[in-house]
Amino acid sequence: MSNFGDKVQPAVKKETKNVAIYTVVGVVMMWVGFLILHLIWPEKIPFDYRVILGGIGGGAVAVLNFFLMGMAVQKAVSETDEAGAKRRMQASYSQRNLMQMLWAVLAIVLPCFQFAAGILPLLIPGTAIKLMGIKNSIKR
């Protein structure tokens, strides 16, 4: 019986790993930012376990979203029917957006998460992809 990891193409693994690294670095930078702001305005900016949990949860959702997008692209490319590939990508996009919206609602509603710390990591992969593109264009 084949392993799930065997079905993931090397490009998806590599890019997901890169996005995960950028996301971890981004979340740590966010925590440092929260800490600095907390030291300046302790009554307005929190820095407690809720910020840490929000960053972990948001980072995990962000990386999972990217991985699921990669898997959807991998499956769509192998699709022989162009309309079927388009439907697969549209369904994936809708499901991934729903997942992120659900996370955002949970980060806002549940008291164990600081809402901004839970939502900000969702922006990190897009920023990381743009930075990687800039870095690659400078290398050429």
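## A walk through an all-helix chain

Val-25 sits in helix H2. This is a predicted model, and Val-25 makes a handy place to enter it. With a relative accessible area of 44%, Val-25 is partly exposed. Follow the chain onward and Ile-124 comes up 99 residues away from Val-25. In space, the C-alpha atoms of Val-25 and Ile-124 are separated by 9.4 Å.

Now step back to the whole chain. The protein chain has six helices and zero strands. Read from the N terminus, its elements run α-α-α-α-α-α. The C-alpha trace spans about 60 × 40 × 30 Å along its principal axes. The chain holds 140 residues, and 32% of them count as buried. Its accessible surface comes to about 9200 Å². Carbon and sulfur atoms account for 70% of that surface. As for charge, the chain carries 15 positive and 7 negative charges. The mean positions of the two sets lie 5 Å apart.

How far apart in sequence are the residues that touch? Take the contacts between residues at least 6 apart in sequence. Of these, 71% join residues at least 24 apart.

Next, the interior. In soluble globular proteins, nonpolar side chains tend to be buried together. Here the largest nonpolar core has seven residues: Val-27, Met-30, Trp-31, Phe-34, Val-51, Ala-117 and Ile-124. Helix H2, residues 10-40, supplies the largest share of this core, with four residues. Met-30 is one of the core residues. Setting aside neighbours within four places in sequence, Met-30 is in contact with Gly-55, Ala-117, Leu-120 and Pro-121. A second, separate core has six residues, among them Val-61, Ala-62, Trp-103 and Phe-113.

Helix H3 covers residues 49-78. Two of its residues are worth a look. Leu-53 is found in helix H3, and so is Asn-65. Is each one buried or partly exposed? Leu-53 is partly exposed, because its relative accessible area is 35%, between the 20% and 50% cut-offs. Asn-65 counts as buried, because its relative accessibility is 13%, under the 20% limit.

Their contacts can be traced too. Leaving out neighbours within four places in sequence, Leu-53 is in contact with Cys-112 and Phe-113. Phe-113 is also a member of the second core. The C-alpha atom of Leu-53 lies 8.2 Å from that of Ala-117, 64 residues apart along the chain. Ala-117, in turn, belongs to the largest core. With the same exclusion of sequence neighbours, Asn-65 is in contact with Arg-96, Met-99 and Gln-100.

End at a loop. Gln-114 is found between helix H4 (82-109) and helix H5 (115-119). Why does Gln-114 count as buried? Its relative accessible area is 8%, and buried means under 20%, so Gln-114 qualifies. Which residues does Gln-114 touch, not counting residues up to four places away in sequence? They are Phe-34, Pro-46, Arg-50, Val-51, Gly-54 and Ala-107. Phe-34 and Val-51 are also members of the largest core. The side chain of Gln-114 reaches the backbone nitrogen of Ala-116 as well, at 2.9 Å.

Methods:
Residues numbered from 1 in each chain as written. Predicted model: local features only at pLDDT ≥ 70, side-chain atom pairs only at ≥ 80, totals over all residues. Heavy atoms only, no water. Helix = DSSP H or I, 4+ residues; strand = E, 2+ residues; numbered from the N terminus. Buried < 20%, exposed > 50% of the residue type's maximum accessible area, 1.4 Å probe, protein only. Contact = heavy atoms within 4.5 Å. Areas by Shrake-Rupley, 256 points an atom, 1.4 Å probe, with all protein chains shown as cover. Lys, Arg positive; Asp, Glu negative; His and termini not counted. Charge placed at Lys NZ, Arg CZ, Asp CG, Glu CD. Core = buried A, V, L, I, M, F, W, Y, C linked by side-chain atoms within 4.5 Å. Polar contact = N/O pair within 3.5 Å; in protein donor to acceptor, adjacent residues only side chain to side chain.
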